[in-house]
Each structure stands twice: as C-alpha cells, then as structure tokens.
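Hi,

Here is the structure I promised to pass on. Have a look at it first, and then read my notes below.

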Amino acid sequence: MPKTPSRRLAFAIVTAHNPRGKALGEEANHYRDQRLEAELLGAGFHPLPLWGCSPDLKHREKSWAVVMAKTRAVELGLRLEQNAIYWVEQDRLYLVPCLLTEDECCLGRFSERLFDAELGGPGGF
C-alpha cells in the first residue's frame, strides 16, 4: 500500500489497542500492535500504519490501513475484541460494528479527516 491510501482503494482500518473499549497501558497496547503487524505481514498483507484520533486529538490509537475483504476485516476486529473497525470506500469513511450491535454508519469523507501530525491540518483521523 502506498504511503497515503489511494482514493480508489477500498480498505479496512483496524487496531489491536484497547479491546472492548477498555483502556490498556501503553506497553500492553504496543505488544498487541506488534502482534497484529506480524500477523498481517505473515498473511501477505502490506499494512500502512496510521493513528486513529478523536476530532480533538485527545485520544489516539495506533491502527493499520489494510486492503482486505470487508468481511475478513470484521472477523479480524472480532478476534481482536474490537467494538468496531473502519472501512474506507470511494473516499467515504464507515464505522462498521464488530462487537457493537448498532448499524454500520457513514462518517463522511475520509480525505477530510487526514492530516500530517508534523504539519498540522484538520483533525479527526
């Protein structure tokens, strides 16, 4: 996957941080993240690291953008005990439940949520 995801690609954004929405310490999250990266690479994927952030940037989780089938991404999210994953398709960002029972919802344009932490920019992904 290129350094910046293409708007033509459909891909998942998954994290191993904070299973079931319960905050883990930095060390535990780092360990879970390393295991996820190794699993993705071992399965032949080319994950792109990124940080998923709240709009105010007060909460962030290391995540991976991965070109894979949406159903496989949800299965991965379930195995990682994630409440949800993100799905990006045609520049639309979707919240896709894994453990949650709500319906999938569109959160708007993915490109509007990207920013370079070193350069600043719009907040939120």
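A quick definition before anything else: helices and strands here are DSSP runs, a strand having at least two residues, and they are numbered from the N terminus. With that in hand, you can place Cys 105 in strand β6, which covers residues 105-109. Please keep in mind that this is a predicted model.

**The overall layout**

The chain contains 2 helices and 6 strands. Starting at the N terminus, their order is β-α-β-β-α-β-β-β. There are 125 residues in the chain, and 39% of them are buried. As for the outside, the accessible surface is about 7,700 Å², with carbon and sulfur atoms accounting for 51% of that. The chain also brings together residues from distant parts of the sequence: if you take contacts between residues at least 6 apart, 47% of them link residues at least 24 apart.

**The nonpolar cores**

How many residues does the largest nonpolar core have? The count is 17, and Val 14, Leu 36, Leu 40, Met 68 and Ile 85 have the most contacts inside it. Two or more residues each come from β1, α1 (26-42), β3, α2 (70-79) and β4. The top contributor is α2, which gives 3 residues.

Val 14 is a good residue to click on. Ignoring neighbours within four places in sequence, Val 14 touches Leu 36, Ser 63, Trp 64, Val 66, Ala 73, Leu 76 and Ile 85. Apart from the largest core there is another one, made of 8 residues, including Phe 11, Ala 65, Val 88 and Phe 110.

**The second largest pocket**

This pocket holds about 490 Å³ of space. Its lining is made up of 23 residues, and the ones nearest the centre are Thr 15, His 59, Glu 61, Ala 84 and Tyr 86. Sorted by class, the lining has 10 nonpolar, 10 polar and 3 charged residues. Four strands each supply at least two lining residues: β1 (11-14), β2 (48-53), β3 (60-66) and β4 (84-89). Of these, β4 provides the largest share, with 3 residues.

**Helix α2 and the loop after it**

Both Thr 71 and Arg 79 sit in helix α2. Is Thr 71 buried or exposed? Thr 71 counts as exposed because its relative accessibility is 56%, and the cut-off for exposed is over 50%. Arg 79 passes the cut-off too, so at 51% it is also exposed. Each of them has a partner from elsewhere in the sequence that you can look up. Thr 71 is 59 residues away from Ala 12 in sequence, yet their C-alpha atoms are 9.9 Å apart in space. Arg 79 and Leu 99 are 20 residues apart along the chain, with 9.8 Å between their C-alpha atoms.

Next, follow the chain into the loop between α2 and β4, where you will find Glu 81 and Gln 82. Glu 81 is partly exposed, at 31% relative accessibility. Its phi is positive, about 60 degrees, although Glu 81 is not a glycine. Why does Gln 82 count as buried? Its relative accessibility is 5%, and buried means under 20%, so Gln 82 qualifies. Leaving out neighbours within four places in sequence, Gln 82 is in contact with Thr 15, Ala 16, His 17, Asn 18, Pro 19, Arg 32, Gly 77, Cys 98 and Leu 99.

**Asp 91 and back to Cys 105**

Asp 91 is another residue to look at, in the loop between β4 and β5 (92-97). Asp 91 has a positive phi as well, near 65 degrees, and is a residue other than glycine. With a relative accessible area of 11%, Asp 91 is buried.

Finally, let's return to Cys 105, the residue I used for the definition. Which residues does Cys 105 contact, leaving aside neighbours within four places in sequence? They are Leu 93, Tyr 94 and Leu 95. Cys 105 and Leu 95 are 10 residues apart in sequence, and their C-alpha atoms lie 5.4 Å apart. Cys 105 has a relative accessibility of 33%, so it counts as partly exposed.

Have fun exploring, and write back if any of this is unclear.

Cheers

Notes. Residues numbered from 1 in each chain as written. Predicted model: local features only at pLDDT ≥ 70, side-chain atom pairs only at ≥ 80, totals over all residues. Heavy atoms only, no water. 1 Å grid on protein atoms, 1.4 Å probe; cavity = no way out; pocket = protein on both sides within 12 Å on 5 of 7 lines; lining within 4 Å. Points joined across faces, edges and corners; volume = space filled by probe spheres on them. Nonpolar A, V, L, I, M, F, W, Y, C, P; charged D, E, K, R; others polar. Core = buried A, V, L, I, M, F, W, Y, C linked by side-chain atoms within 4.5 Å. Buried < 20%, exposed > 50% of the residue type's maximum accessible area, 1.4 Å probe, protein only. Contact = heavy atoms within 4.5 Å. Areas by Shrake-Rupley, 256 points an atom, 1.4 Å probe, with all protein chains shown as cover.
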